[in-house]
Amino acid sequence: IISVLSIILNHSLFLYGGELSIAIYGIISRMLMFALFPVVGIAQGFMPIAGYNYGAEKFQRVRESINTSIKYATGFALAIFIIIMIFPEQIVSIFTENSDILKETPNALRIVFGVTPLIAIQLIGSAYFQSIGKALPALLLTLTKQGFFLIPLVLILPEYFGIIGVWISFPIADILSTAVTAIFLKKEIRQYNFAKKSKG
C-alpha cells in the first residue's frame with residue numbers, strides 16, 4: 001500500500017505541481033513522521049495494557065485505558081498542530097533555503113496538518129484491535145487512511161482542484177478514517193457494557 005501510494009502521490013504531485021511540489025512533499029513527509037512519533041509511542045505503550053486487561057476480562061480498565069491513551073495522544077498531537085500552524089515558515093527553513101519552496105510549503109503544510117489532533121483516535125483504535133487479537137478490524141483500520149481513502153482522493157481531487165487537491169486529500173482522509181475508527185471503537189465499548197450487565 002505504501003509503495004503504491006508513493007507512486008500515485010509522486011505522479012499527481014509532478015503532474016499538477018511539477019518538481020517543486022515533489023520537493024514540498026519531501027519536507028511534509030518528514031514532518032508527518034516526526035509528528036507521529038509521540039502518538040505512536042503512546043499507542044505502543046497502550047497495547048500491552050489493553051491486551052492484558054482484555055484477557056483478564058477487566059473491561060472497565062480496558063475502556064479507561066482507551067480513553068486515557070486517546071486523551072494524552074490527542075494532547076501531543078494538538079501541541080504539534082499548534083506549533084505547525086504558528087511557525088510553518090520557521091519549520092520549513094530548517095530543511096531548505098530555496099526561496100520558492102520557502103514560499104509555497106507553509107500553506108501546504110498547514111493544509112496537510114489541518115486535522116492532526118484526530119490522528120490519536122486512528123492510531124489508538126487500530127492499536128487496540130491489534131492488542132486484543134482481532135486481526136481483521138486491526139488490518140482494516142490500519143489500511144483505512146492510506147488504502148481506502150487517501151489513494152482515491154489523491155487520484156480524484158487534483159483533477160478538480162489542481163495541486164491543492166493533493167494537499168486537501170490528507171485532512172479529508174484523516175477525517176474519514178477517524179470516523180470509521182470511532183464507529184468500530186464505539187461498537188466495541190458497547191459490548192463491554194453488555195458484558196458488565198450480564199455479569200451483574
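**Surface and overall build**

I started with the surface: the chain exposes about 10700 Å², and carbon and sulfur atoms supply 66% of that area. I keep in mind that this is a predicted model.

Next I looked up burial for the whole chain. Of its 200 residues, 42% are buried.

I then went through the secondary structure. I found eight helices and zero strands, so to speak a plain α-α-α-α-α-α-α-α when read along the sequence.

For dimensions I took the box around the C-alpha atoms. Along the principal axes it comes to roughly 65 × 30 × 20 Å.

I also checked how far along the sequence the contacts reach. Among contacts with a separation of 6 or more, 76% are between residues 24 or more positions apart.

Charges came after that. I have 15 positive and 10 negative ones in the chain, and their mean positions are 20 Å apart.

**The largest pocket**

I looked up the largest pocket and noted a volume of about 770 Å³. Two or more lining residues come from each of helix 1, helix 5 (119-131), helix 6 (135-156) and helix 8 (163-199).

Which helix gives the most to this lining? My entry reads helix 1, with 12 residues.

The lining has 31 residues in total. Nearest the centre I wrote down Leu 5, Leu 32, Leu 36, Lys 145 and Gln 146.

**Gln 122**

Lys 145 turned up again when I looked at Gln 122, since the two touch. Gln 122 is found in helix 5.

Is Gln 122 buried or exposed? Its relative accessibility is 10%, so it counts as buried, the cut-off being under 20%.

Leaving out residues up to four places away in sequence, I listed its other partners as Asp 174, Ser 177, Thr 178 and Thr 181.

**Ile 124**

I stayed in helix 5 for Ile 124. At 0% relative accessibility, Ile 124 is buried.

What does Ile 124 touch, not counting residues up to four places away in sequence? I have Ile 42, Ala 43, Phe 46, Ile 66, Ser 69, Ile 70 and Ala 73.

I also took a distance from Ile 124 to Ala 35. They are 89 residues apart in sequence and 15 Å apart in space, C-alpha to C-alpha.

**Thr 68**

Phe 46, one of the partners of Ile 124, led me to Thr 68. The C-alpha atoms of Thr 68 and Phe 46 are 9.2 Å apart, with their positions 22 residues apart in sequence.

Thr 68 is in helix 2. Its relative accessibility is 37%, so I put it down as partly exposed: that class runs between 20% and 50%.

**Two buried residues of helix 1**

Helix 1 holds both of my next entries, Leu 9 and Ile 28.

Leu 9 counts as buried at 1% relative accessibility. With neighbours within four places in sequence set aside, I found Leu 9 in contact with Tyr 25, Val 154, Val 166 and Phe 170. I also looked up its distance to Ile 91: 22 Å, C-alpha to C-alpha, for two residues 82 apart in sequence.

Ile 28 is buried too, at 0% relative accessibility. I noted that Ile 28 touches Ala 108, Leu 109, Val 112, Phe 113 and Trp 167, again without residues up to four places away in sequence. From Ile 28 to Ile 156 I get 21 Å between C-alpha atoms, and the pair is 128 residues apart along the chain.

**An odd backbone angle at Glu 57**

I finished with the backbone. Glu 57 has a phi near 60°, a positive value in a residue other than glycine. I flagged that because most residues other than glycine have a negative phi.

Where does Glu 57 sit? I placed Glu 57 in the loop between helix 1 (2-55) and helix 2 (59-86).

How accessible is Glu 57? The relative accessible area is 47%, so Glu 57 goes into my notes as partly exposed, under the 50% limit for exposed.

Terms used: Residues numbered from 1 in each chain as written. Predicted model: local features only at pLDDT ≥ 70, side-chain atom pairs only at ≥ 80, totals over all residues. Heavy atoms only, no water. Helix = DSSP H or I, 4+ residues; strand = E, 2+ residues; numbered from the N terminus. Buried < 20%, exposed > 50% of the residue type's maximum accessible area, 1.4 Å probe, protein only. Contact = heavy atoms within 4.5 Å. Areas by Shrake-Rupley, 256 points an atom, 1.4 Å probe, with all protein chains shown as cover. Lys, Arg positive; Asp, Glu negative; His and termini not counted. Charge placed at Lys NZ, Arg CZ, Asp CG, Glu CD. 1 Å grid on protein atoms, 1.4 Å probe; cavity = no way out; pocket = protein on both sides within 12 Å on 5 of 7 lines; lining within 4 Å. Points joined across faces, edges and corners; volume = space filled by probe spheres on them.
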